Amino acid sequence: MAIPSRILASGNSPLATISIAGDGATALTATGSTQATALQLSAVMNAMGTTAASTGVKLPPCEAGAVVYIYNGGANTLQVYSNETTGVTMNAAVAGSTGVALGTLKTAICLGTSATTWAVTCALTST
């Protein structure tokens, strides 16, 4: 994985560094109880600080090569939805209103394996 400080030190601009290493967002608050009202994620690395019961987040639009990390540091399970309502699958199921559940203190690694497929892996995060 590229380390931002090393990319900057090599003479790249801050914008190029974000394009190479990705950006991060911390202390996010999950919103909504459906795909339509869930918090839209825009960063590569996302750390949720607050997850009220039945709330969720929405991934960016699916594309091949996309990678999004989500850490659920909140008190409740977080629902992870695709951005699209039709035509996209998450873990071989049609995306839309269901999404993928991410437990408390767990991290999801979301991989865009094509323009229409998210592969989502949830892993235990050591505390």
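This is a short tour of selected strands and one loop residue in a predicted model.

Begin by selecting strand β5, residues 67-72, and look at its two faces: V68, I70 and N72 make up the covered face, while V67, Y69 and Y71 make up the uncovered one. In a regular strand, side chains alternate between the two faces of the sheet.

Keep β5 on screen and add strand β3, residues 45-50, which pairs with β5 in the parallel sense over 4 bridges; here you can pick out A47, which stands opposite Y71 in β5. Next add strand β10, residues 106-114, which runs antiparallel to β5 and is joined to β5 by 6 bridges. To find one of these positions, select V67, whose bridge partner in β10 is L111.

Now move to an open sheet of 4 strands, which has the order β2-β4-β6-β9 and mixed pairing. Because β2 (39-40) and β9 (100-102) stand at the edges with a single partner strand each, one side of each is left without a neighbour in the sheet. Within this sheet, select β4, residues 56-58, together with β6, residues 78-81, and you will see a parallel pair with 3 bridges, in which G56 has Q79 of β6 as its bridge partner.

Finish at N91, in the loop between β7 (89-90) and β8 (93-94). Is N91 buried, partly exposed or exposed? N91 counts as partly exposed, because its relative accessibility is 40%. Leaving aside neighbours within four places in sequence, display V100, W118, A119 and V120, with which N91 is in contact. For a distance to check in the viewer, the C-alpha atoms of N91 and A43, 48 residues apart along the chain, are separated by 21 Å.

Methods
Residues are numbered from 1 along each chain as its sequence is written. This is a predicted model: local features need pLDDT of at least 70, side-chain atom pairs count only at pLDDT 80 or more; totals for chains, interfaces and linings use all residues. Side-chain values use heavy atoms; hydrogens and water are left out. Buried means under 20% relative accessible area, exposed over 50%, partly exposed in between (1.4 Å probe, protein chains only). Contact means heavy atoms within 4.5 Å. Two strands pair if DSSP finds at least two bridges between them.
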